[in-house]
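Here are some short exercises to work through with the model open beside you. Try each task before you read its solution.

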Amino acid sequence: MSGEANPFESLQSQIDEAAVHLEIGDDVIERLKHPERVLETNLTIERDDGELERFKAFRSQFNGDRGPYKGGIRYHPQVSRDEVKALSGWMVYKCATVGIPYGGGKGGIIIDPDEYSETELERVTRAFAKELRPLIGVDRDIPAPDVNTGQREMNWIKDTYETLENTTEPGVITGKNIASGGSEGRVEATGRSTVLAAREAFDYLDKDLEGATVAVQGYGNAGWISAKLIDEMGATVVAASDSSGGIYNPDGFDPVAAKDHKNETGSIVGYEEATEEVTNEDILTMDVDLLIPAALENAIDADLAEDVKAGVISEAANGPLTPEADAVLEDKDVFVIPDILANAGGVTVSYFEWVQNRQRFSWTEERVNEELEALIVDAFDALVETIEEHDLDNPRTAAYVVALERVANAFEEAGTFP
């Protein structure tokens with residue numbers, strides 16, 4: 001595993017790879033490789049013991065040609081300016097790939113949330129919301145959860161914004177709980193799109209998903225939901241991991257019971273149905289039909305890619321493969337469903353939540369899931385058409401061809417403001 005690859009450079013490389021297949025001017029492509037603005041701010045809060053502490057935070061607004069900026073907020077010690085820029089760019093092309101009318105944004109705070117109390121995290125979150133207030137809005141920039149954030153943090157941001165603006169505007173943020181204007185189906189959305197895309201890929205490749213073996217790297221929300229849903233589709237989850245290590249059983253195990261064990265103990269390691277404990281690297285190089293990387297970016301570099309044995313990879317995480325790893329896997333004929341399609345369920349159902357908030361009308365979970373499936377299937381079909389039209393071997397390049405063309409068209413149709 002490599003932490004050296006710069007995610008922003010990876011994004012730009014992916015754009016360049018796709019641009020050669022499109023008749024878009026170099027000047028437009030250059031514009032589409034950089035964020036429009038990046039907020040870098042310092043948050044100072046009072047700890048529970050009375051001491052002050054400072055935290056660096058970011059919000060990148062990458063491109064708004066197709067609609068308001070959209071993207072999550074993550075809390076992690078390794079958050080950086082380049083990471084946030086990259087993630088905001090991936091959001092632009094993710095939204096374009098699945099055809100929802102958003103641009104891309106991303107935010108983050110350099111913090112290890114495990115080291116702070118709930119009241120301290122609330123102070124940090126509200127301090128960040130205060131800094132974001134001039135930038136966000138229901139038609140400007142709509143944040144959402146990401147790594148180490150969830151409904152609780154989104155509710156705090158919504159309340160801070162509404163209090164300061166003296167209004168009621170649930171659509172200013174998505175990923176809220178149901179009582180605060182959240183959407184049915186949002187919690188499972190990222191995992192659901194990951195497995196729907198995998199199902200479509202297996203069908204396209206004429207492979208049988210029933211009985212297929214699956215390994216899941218990362219057992220947070222996206223990972224464990226992917227495991228649960230792929231199991232319900234008839235596949236066999238044989239391995240999974242979290243930051244503490246991994247488990248393996250060649251006959252498969254119950255993904256929900258494994259999650260219950262993680263909830264009780266803090267880790268998936270030690271789950272009773274496992275016959276063997278393995279490392280995260282073992283998970284990524286396991287001989288399985290489907291690999292789902294669902295942790296952080298740069299999980300697989302070129303060296304590790306040489307040992308990857310999975311036939312299909314569905315990227316639940318953002319940027320889990322470096323561009324060099326992509327090239328290796330392309331040579332090995334591994335079918336990689338890119339993150340900007342595979343994990344687009346989160347932002348898609350966030351879009352549905354935003355629509356419901358604007359209409360002040362709630363959808364059923366059945367409707368949410370049906371609408372999500374239709375969009376993911378249509379996006380996969382467009383991916384396949386582009387692969388065949390341009391004779392491409394790399395599905396990621398095909399997804400960027402689709403997305404870049406849509407964003408560039410929106411930019412050119414709008415014209416240039418003096």
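Helices (H or I, at least four residues) and strands (E, at least two) are DSSP runs, numbered from the N terminus. This is a predicted model, in which local features need pLDDT of at least 70 and side-chain atom pairs count only at pLDDT 80 or more, while totals for chains, interfaces and linings use all residues. Residues are numbered from 1 along each chain as its sequence is written, and side-chain values use heavy atoms, with hydrogens and water left out.

**Exercise 1.** Find the element that holds lysine 70, and decide whether lysine 70 is buried or exposed.

Solution. Start with the element: lysine 70 sits in strand E3, residues 69-76. Next, take the cut-offs: buried is under 20% relative accessible area, exposed over 50%, and partly exposed in between (1.4 Å probe, protein chains only). Lysine 70 has 1% relative accessibility, so it is buried.

**Exercise 2.** Do the same for lysine 94, then list its contacts (heavy atoms within 4.5 Å) beyond four places in sequence.

Solution. Helix H3, residues 81-98, contains lysine 94. Its relative accessibility is 4%, so lysine 94 is buried too. Setting aside neighbours within four places in sequence, lysine 94 touches Asn318, Asp339, Ile340, Asn343, Ala344 and Val347.

**Exercise 3.** Place strand E3 in its sheet.

Solution. Two strands pair if DSSP finds at least two bridges between them. Five strands make an open sheet of mixed pairing, ordered E1-E2-E4-E3-E5. Strands E1 (37-46) and E5 (141-145) are the edges, each pairing on one side only. E3 and E5 run parallel over five bridges, and glycine 72 has alanine 144 of E5 as its bridge partner.
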